[in-house]
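This report examines the cysteines and the unusual backbone geometry of one protein model. The sequence and the structure are shown first.

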Amino acid sequence: MATTGGAGVMTTGGGGVTTTDGGVGAALGSVAALARHAGSELRPPRGDGGGLVLRRLPAHVDRVRFAAVCPQWRSAARQGPLPPPLPLLALPDGTVYSLPRSDPFHFPGCAGYVDASGNWFLFSGEDGYFMRDAFSNATIVLPAMSRVRLKYADDGARRPAWVYAFDEALDVRKVTFCSPHLIAAVVSFRHRIRIAVCMPGATSWWSVYMDHWFPWRFDIAFYQGKLYVIDYDQGDLSAIDISVDRNTDDPCVSQIRRVINRSISLRSKFKKYYAVARTTYLVESRGALLMVRRKMHGIVKSAYVIGEEHPVYADGRNQFEVFQANFERSRWTKLSTIGHDQVLFLQRRCSRSVLVSQQEIPGDCIAFVEDDDENNNWYDRGRSSSCKIYDMKDGKISAILPLVLWKHNTVAATWLFPG
């Protein structure tokens, strides 16, 4: 639980949220100074005044500051439903920006993450991987990557349903926090991309489904109780059913089926000195599952030759197309709008749709991080990266945080979504 010390610095036990001079402490000092200047004490807004004030504070950090002023304001912050706060942008060094503000503060608990899912960071420790909630500091330990059970389809007699993979470990590509009882991961195992699931806990086991594998370029999302995986190049969408194994009581993949089949070509295109790279995101919005296709234009440093690697430098041009999954017709339906009060925040690690008001950030837009780490050769290591926003109405791109830049890293910046 958050507390405020004598200096006005908000802390949570065990390496949670702390702030520097430009964070919570400075904000509380400014409020107190204004109160002294006015010759009065801080008093909570009357009636629903607190709710009215909070509704005009889209930044998560501002809501934290509001609640930290005094017990009465903290009580006001807990009353009544509020629109969701805007996401935070986190960098691997622990620097965090609370949109739409551009002043940095520090989450020591997020420095050094290797992956992220929602508000959960993934870390690699001496004993394996663990996940930490960026806001509550809750921590869950994942099974060692060598604690692997191989799950085969139950064919009656051909082979056992479970096989232990001794002396073999998983290579994690992406982890998704589905629920406190289910973690899903896309892994490389035996030279194939496969789905693995587990319950949190060091003594649990990873269950790897062996009767299906995926292409190397993919995205994954947890939607309405199922996992969905999309093939970047073709737009194929597969649904993954999760059940509990009656012999082990562990989660396992019970079925993988194709629900949308090869309806859109999404392959990247290369010419002699020019390239268009494509990447794809899965994101839920207002109960629908969306596929967002991003096209990034760039210049090939040397003449492109098939079969050879060539660094490609992005020239800053991005285009987006949005499609909605139509499960009844097994097809993608192209959308011209995502709604005047919606913004899609995209990142390979985790994408979300967020409700916004026009005063804080324009709706019907797509926010994205330039150096999404799926294409490491695409970015000039010497250039700085940033986050930008694409307007669905006119295709124009602008900066969300104009003064915020960072160096390209092997671990990309990510969005955090407060609960």
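A residue counts as buried when its relative accessible area is under 20%, as exposed when that area is over 50%, and as partly exposed in between. The model discussed here is predicted.

**Cysteines**

With a relative accessibility of 0%, Cys 198 is buried. Cys 252 is likewise buried, at a relative accessible area of 2%. How many disulfides does the structure hold? The number is 0. A disulfide requires two cysteine sulfur atoms within 2.5 Å. For Cys 198, the closest cysteine sulfur belongs to Cys 178 and lies 9.7 Å away, so the distance is too far for a bond.

**Backbone geometry**

Most peptide bonds are trans, and most residues other than glycine have a negative phi. The peptide bond from Leu 99 to Pro 100, in contrast, is cis, with omega near 5°. Pro 100 is located in the loop that runs between strand S4 (95-98) and strand S5 (104-106).

Positive phi values occur in Arg 286 and in Ser 330, neither of which is glycine. The table lists both residues with their backbone angle, loop and accessibility.

| Residue | Phi | Loop between | Relative accessibility |
|---|---|---|---|
| Arg 286 | near 50° | strand S21 (274-285) and strand S22 (288-300) | 57%, exposed |
| Ser 330 | near 55° | strand S23 (312-326) and strand S24 (331-335) | 33%, partly exposed |

Arg 286 is thus an exposed loop residue with positive phi, while Ser 330, also in a loop, is partly exposed.

Note on methods
Residues are numbered from 1 along each chain as its sequence is written. This is a predicted model: local features need pLDDT of at least 70, side-chain atom pairs count only at pLDDT 80 or more; totals for chains, interfaces and linings use all residues. Side-chain values use heavy atoms; hydrogens and water are left out. Buried means under 20% relative accessible area, exposed over 50%, partly exposed in between (1.4 Å probe, protein chains only). Helices (H or I, at least four residues) and strands (E, at least two) are DSSP runs, numbered from the N terminus.
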